[in-house]
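Subject: Structure for your files

Hello,

Here is the structure I said I would pass on. My notes on it follow below.

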Amino acid sequence: MRGDSVLLLAQEATTEIDAGDTAWMLMAASLVLLMTPALAMFYGGMSRQKSVLNMMMMSFSAMGVVGIVYVLWGWSMSYGEQDVLGLFANPFEMFGLAGVIGDADNWVTSASGAYPQVVDVGFQVTFAIITVALISGAIAERVKFGTWLTFAAVWVTLAYFPMAHMVWGGGLLSHSENSLAAMIFGTVDDGEGGLVAAVAPVDFAGGTVVHINAGMAALVLVLLIGKRYDFGRTAFRPHSLPLVMLGAGLLWFGWFGFNAGSAFGANGAAGLAWINTTVATAAAMLGWLLTERIRDGHPTSLGAASGVVAGLVAITPAAGSVHPLGAIALGAVSGALCALAVGLKHRFGYDDSLDVVGVHLVAGLWGTIAIGLLATGTFDTDAGVFYSADGWKLLVVQIVIAVAALVFTAIMTAIAYVICRPLGWRISETDEQSGIDGAEHAESAYEASTNALIR
C-alpha cells in the first residue's frame, strides 16, 4: 500500500532521509523485480516443451514494455495529484517523472516513508511489471507475441495504473473522503483538518491491484481469445517440474520484498508482514497437498509449488492487518480453495492454461475478503468480524472493493482486447500444433544433438 491508501503502516512524509529505510526499499524493489524472472521459470516449467520459450518471453517482455511505460506516464497516472473522477490521475502531470526526482542537493522525499521518491518509483514499477506478466499464463501457447507486447502497454495503461490510483493513490477504492467506503459508512476527521472514510478498506500489498486485477484480466482474455485447439483432448503436462519448483521457491523469496517492502520502512510492520507471508504460504502448501491427498490419493510436487503461490497471493492484501495465527488460517483455506478451483476450467470449458484464474483470482478474492474476518484491529486498521461487533462493516467494505475491482478490470480488459484485435490474437492451428516457440521465435528450448564430430 502507499501513503494515501490505508492509514496504518505508511509513514508521514519527511524532509529527512533515513539510510536504513532507503536501503531496505531498494532491496525490496530488487526482490520484487526478481519475481518476474521467477514467474518465467514457474510458467515455463508448467508449459509443454514446444512452448516454454514463448511462455518465458511473455514474462521477460513485460519487464521491457512496462518498465518504459511506467516511467513515461504510469507513475503520474497512479500517484499524481490531479485526480480524474477518482479513477486515475492526469498522465501528463508528471510525464517522464517531471518533478518527481529532484537533484543531489534536494531529493524529493516519498510520501510513504523516509526515503527519496525515486526509490518509490523503482519499487512501484516492479508491481506493475509482475501484474502484467501474471496474465500471460492463462493464454499460453496460442497468442501472437507482437499482439501480446501491444496488449501489455494498452492494458497496463487502461487497467493497472487506474487501479493503483483507485486503491493506493486516493481514488474510489481508497480511504479518501470521496471513496466508495466513505459513501457507504461516512467520513471522520483525519486529525489534520481533512476527512477520510470512517471504515478504511485494506489492501496492504496488492490483493486488488495485482491479483484480482491480473486474475480477472486472465479470465476475460481466456473467454475472448478461446481455447487451444486440442484443449479437452490432450493432457497438457508440465515439461519440467524441477523448473516449476525452482520458480516457486524464487517467487517465495521475492515475495518478502513484495509484502514486507509494502511497510515502506525497516520497521515492525515489515517484520509482521514477513512472518505472515511465511506462515500463510506454508499453511497454503500443506492445505493444497492435503486436498490432493484426499481427492487424488497422492500429493504432488506441482501441488506443492501451486500451494506456495496460492498462499503468497492470499496473504498479500492481509500481510499487515492480521495476526500470524490468522495468517495460518487464511493460508490453509487458500491452499484448499485453490486446489479445488483449478479444476473448474474443465467443468466449465474455459482454457485457463496455467491456472491464473484458479490461483490468482480465487486467492486474491479470498485474501481481500478474509481481511473483513481476520483483521485484528491492533495494527491501525479496523477490526474484522472475529474481533469486533462492528467488524461486519469492514467485511462489507472489503467485498465492495473486490467486486468493484472485478467489474472495472473486466471492462478495461475487454476494451484492451478490442484495441489489439486488428493485429490478430491467435497463431494458426498448424503453428500451435508444431509449437509456438518455432513459429514465433524460430528457436527451441532443447536442441537435439547428433554428437557428430566436425572435421
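**Overall picture**

Of the 455 residues in the protein chain, 58% are buried. Please keep in mind that this is a predicted model. The chain has 15 helices and six strands. Its radius of gyration is 21 Å, close to the 23 Å from the globule rule for 455 residues, so the chain is as compact as a globular protein of that length. The C-alpha trace spans about 75 × 50 × 40 Å along its principal axes.

Among contacts in the protein chain with a separation of 6 or more, 75% are between residues 24 or more positions apart. The exposed area of the chain is about 17,300 Å², and 64% of this comes from carbon and sulfur atoms. There are 17 positive and 33 negative charges, and their mean positions lie 22 Å apart.

**Helices H3 and H10**

Helix H3 covers residues 117-135. Its 19 residues reach 28 Å from the first C-alpha to the last, close to the 27 Å expected at 1.5 Å a residue. H3 is mostly covered, with 17 of its 19 residues buried.

Helix H10 runs over residues 324-341 and has 18 residues. They should span 26 Å at 1.5 Å a residue, and the end C-alpha atoms are 25 Å apart, which agrees. The buried residues of H10 include Pro324, Gly326, Ala327, Leu330 and Gly331. Further along, Ser334, Gly335, Cys338, Ala339 and Ala341 are also among the buried residues of H10. What do the buried residues of H10 pack against? Their partners are H8, helix H9 (301-315), H11 and H12.

Two residues on those partner helices show the packing in detail. The first to look at is Thr291, in helix H8 (residues 268-296). Thr291 has 13% relative accessibility and therefore counts as buried. Setting aside residues up to four places away in sequence, Thr291 touches Ala336, Ala339 and Leu340. Ala339 is itself one of the buried residues of H10.

The other is Val359, which lies in helix H12. Val359 counts as buried because its relative accessibility is 6%, and the cut-off for buried is under 20%. Beyond its neighbours within four places in sequence, Val359 is in contact with Trp288, Val309, Ala310, Val313, Cys338, Val342 and Gly364. Of these contacts, Cys338 is one of the buried residues of H10. Val359 and Ala375 are 16 residues apart in sequence, and their C-alpha atoms are 22 Å apart in space.

**His165 and Leu180**

His165 is part of helix H4 (residues 145-168). With 1% relative accessibility, His165 counts as buried. Apart from residues up to four places away in sequence, the residues that His165 touches include Met77, Ser78, Gly80, Asp83 and Gly86. Leu87, Phe88 and Ala89 are also among the residues touched by His165, as are Gly170 and Gly171.

Leu180 belongs to helix H5 (residues 180-185). Is Leu180 buried or partly exposed? Its relative accessibility is 23%, so Leu180 counts as partly exposed. Leaving out neighbours within four places in sequence, Leu180 is in contact with Leu172, Leu173, Val400 and Ala404. Leu180 and Pro201 are 21 residues apart in sequence, and 9.4 Å separates them in space, C-alpha to C-alpha.

**Positive phi angles**

Two residues are listed here for their backbone angles. Asp355 has a phi near 65°, a positive value in a residue other than glycine. Asp355 sits in the loop between helix H11 (344-348) and helix H12 (356-374). At 17% relative accessibility, Asp355 counts as buried.

Phi of Ala442 is near 55°, again positive in a residue other than glycine. Ala442 is placed in the segment after helix H15 (436-441). Is Ala442 buried or exposed? Ala442 has a relative accessible area of 70%, so it is exposed.

Regards

Definitions and conventions
Residues numbered from 1 in each chain as written. Predicted model: local features only at pLDDT ≥ 70, side-chain atom pairs only at ≥ 80, totals over all residues. Heavy atoms only, no water. Helix = DSSP H or I, 4+ residues; strand = E, 2+ residues; numbered from the N terminus. Rg over C-alpha atoms; globule rule 2.2 N^0.38 Å. Buried < 20%, exposed > 50% of the residue type's maximum accessible area, 1.4 Å probe, protein only. Contact = heavy atoms within 4.5 Å. Areas by Shrake-Rupley, 256 points an atom, 1.4 Å probe, with all protein chains shown as cover. Lys, Arg positive; Asp, Glu negative; His and termini not counted. Charge placed at Lys NZ, Arg CZ, Asp CG, Glu CD. Expected span 1.5 Å × (residues − 1).
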